[in-house]
Amino acid sequence: MKFKKKVLVCIMSSLIALGCTSCSAENSSNISVMVNGNAVTFDQQPIMVNDRTLVPLRAIFEALGATVDWNGDTQTVTSTRDNVTVSLTIGSEVMTKNGISYALDVPAQLVGERTLVPVRAIAEAFGSAVDWNGETQTVIINDNAEQGEKPTIAELNHTYTTQYGTVNAVNSPQFAFDYSDNWTITTNEVTKGAQSNGISENFILTNNRGVTINYINFGKIGGRGKSIVQYEVSKVADSQFTAGYMELDDGRVLDLSAEWGNFIVGEIKAVGEYDMKTGDLMPIDNKTSYAVIPQSYVGTHEATGLTGYYEEFVTEYGNYLLYAEAPDGVFTEEEKQEVIQILSSFRRISENL
C-alpha cells in the first residue's frame, strides 16, 4: 500500500512538473522585434498565433511613429501616420486602411490586460518592409518613413470641371474632380442643345493599362442588353460630394442633402448573372467597379446591361455618374488607391444642386 502511494506521489509530481513546464512555454516568448535596427521594448512579450506574431499595440505603433487612439466602447484601435489611417477591432479578422477593408490572418486580441495586434499587417499598412529570422525569432522591420522615404501617392494636380452648362449657356449643375499625371484624357464630348435622350456629356480618363474613370451626364439611353447582373455594393471611402439644393418649378427649394444623406465611394462587385432560361444566378468572379453614390445604396442591386448599371447607380435628382472600371474587371492595389482618391475628390461647385 505504501509502495502504491509513493508511486502515485511520484506520478503526480511528474505531471505537475510537466504541466508547469508547458505553462511556462505558452506564457513566455523569445520573439523580438527590430525597427530600423533598434529593438522595440514591450511590457508584455509578443506571442505567436497560427504562425503570426502578435505584439502589444501601443509599443509597435509608437515605434513606427504613428498615433494611437483606443475606443474602449467598440474595442477598436485607430492609428494615423502622415496620410495613412489604420483601424483594427478586437476579434475582427478585418483591418481598414484609409477606409478600405483588408483581411487579417489573425485578429487583434486581448492577452492579459494588453491588446495584441498582428505586427506584419500593421507594419506593411504603413509601407514598411517586414522580414522574419526564424533562427533568432526576430521580426525585422525596415520603415521607409523613418529613413525619409514616403509611400508613393499620386499628386492630383489636374482638375476637370463639367462643361454642359457652360457650352450651352444654361443653368446646369456643375461638378469637378481631380486627377494625376498618370491619366490621359481619351474622351471629352459635350452635346450642344437640350438633350432628353442620349449622352449630354462624357469625359473619360485612361491610364496606361486601360483602366478608365468615366463621367457621364445622360438622358434616356436605349439598349439595356439581355443579361441581368447582381451587384454587391460596399463603402470604401468617404466622398467630398454633397447634394446641395434644387429649386423646383413652383419656386420651392428642396434640400437634397437631407433626402440623400452622405455620399461615398462605393465598391461595386458583380457577384452573379442570371441564366435567362433557368433563372439561376451564376457566380461571377473578378469584376469590380467603383462609383460615387449615396451611402444608402450600400447593399444588393440588380441591373440589365450597361444602361441598367447607369440607371441603377445614379440618383433620382439627376443622371450624373462618376465611376471607374478596369478592362479585366480587376484593379491593382495602386490603381485602386488612386481611383478612390480621384472619386473621393468629386464635388459640386455650382450653387444649384
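## Strands, cores and aromatic pairs in a predicted model

Strand 16 (residues 184–190) runs antiparallel to strand 17, and 6 bridges hold the pairing. The model that shows this arrangement is predicted, and its chain contains 7 helices and 27 strands. Buried residues account for 41% of the 353 residues in the chain, and, among contacts between residues at least 6 apart in sequence, 59% join residues at least 24 apart.

**Strand 17 and its neighbours**

- Strand 17 (residues 199–206) has 7 of its 8 residues buried, and it is therefore largely enclosed by the rest of the structure.
- On the pairing with strand 16, Val190 has Glu201 in strand 17 as its bridge partner.
- Strand 17 also pairs with strand 18 (residues 212–218), again in the antiparallel sense and over 7 bridges, and in this pairing Leu205 stands opposite Ile213 of strand 18.
- The two strands, 17 and 18, make a hairpin with 5 residues between them, and Gly210 in its turn has a positive phi of about 100 degrees.

**Nonpolar cores**

- The largest nonpolar core has 29 residues, of which Phe177, Ile213, Val339 and Leu343 touch the most other members.
- At least two residues of this core come from each of several elements, including strand 15 (175–179), strand 17, strand 18, strand 19 (228–238) and helix 7 (333–344), and helix 7 gives the most, with 4 residues.
- Leu343, when its neighbours within four places in sequence are left aside, is in contact with Ile213, Ser239, Val265, Tyr290, Ala291, Val292, Leu322, Tyr323 and Ala324.
- Another core, of 28 residues, lies apart from the largest one and has Phe42, Met95, Val119 and Val130 among its members.

**Aromatic pairs and a charge over a ring**

- Across the whole structure, a search finds 19 aromatic pairs.
- In one of these pairs, the ring centres of Phe175 and Phe346 are 5.3 Å apart and the planes stand at 40 degrees, so the pair is tilted.
- Phe175 belongs to strand 15, whereas Phe346 lies in the loop between helix 7 and strand 27 (347–348), so the pair ties together parts that are 171 residues apart in sequence; both Phe175 and Phe346 are buried.
- A cluster linked by ring pairs takes in Phe175 and Phe346 together with Tyr160, Phe177, Tyr179, Phe203, Tyr215, Phe241, Phe263 and Tyr320.
- Lys336 is placed over the face of Tyr102, at 5.9 Å from the ring centre.

**His301 and helix 6**

- His301 sits in strand 25 (residues 299–304), and its relative accessible area of 11% falls under the 20% cut-off, so His301 counts as buried.
- A polar atom of the His301 side chain lies 2.6 Å from the backbone oxygen of Tyr297, and a polar contact of 2.7 Å joins the side chains of His301 and Glu312.
- Not counting residues up to four places away in sequence, His301 touches Val229, Gln230, Tyr231, Val233, Glu312 and Phe313.
- In helix 6 (residues 305–313), the buried residues are Thr307, Gly308, Tyr309, Tyr310 and Phe313, and they pack against strand 18, strand 19, strand 22, strand 24, strand 25 and strand 26.

**Strands earlier in the chain**

- An open sheet with mixed pairing is formed by 4 strands in the order 2-1-13-12, and its edge strands, each paired on one side only, are strand 2 (38–39) and strand 12 (129–133).
- Within this sheet, strand 1 (residues 32–35) and strand 13 (residues 138–142) run parallel and are joined by 4 bridges, with Met34 standing opposite Ile140 of strand 13.
- Strand 6 (residues 76–81) pairs with strand 7 (residues 84–89) in the antiparallel sense over 6 bridges, and the bridge partner of Thr80 is Thr85 in strand 7.
- These two strands, 6 and 7, form a hairpin with 2 residues between them, and Asp82 in the turn has a positive phi of about 55 degrees.
- Strand 7 is also joined to strand 8 (residues 94–97) by 3 bridges, with the strands running antiparallel, and Leu88 stands opposite Met95 of strand 8.
- The hairpin of strand 7 and strand 8 has 4 residues between the strands, and Gly91 in its turn has a positive phi of about 85 degrees.

Notes
Residues numbered from 1 in each chain as written. Predicted model: local features only at pLDDT ≥ 70, side-chain atom pairs only at ≥ 80, totals over all residues. Heavy atoms only, no water. Buried < 20%, exposed > 50% of the residue type's maximum accessible area, 1.4 Å probe, protein only. Polar contact = N/O pair within 3.5 Å; in protein donor to acceptor, adjacent residues only side chain to side chain. Contact = heavy atoms within 4.5 Å. Pairing = 2+ DSSP bridges. Core = buried A, V, L, I, M, F, W, Y, C linked by side-chain atoms within 4.5 Å. Phe/Tyr/Trp six-rings, centres within 6.5 Å; stacked < 30°, edge-to-face > 60°. Lys NZ or Arg CZ within 6 Å of the ring centre and 35° of its normal.
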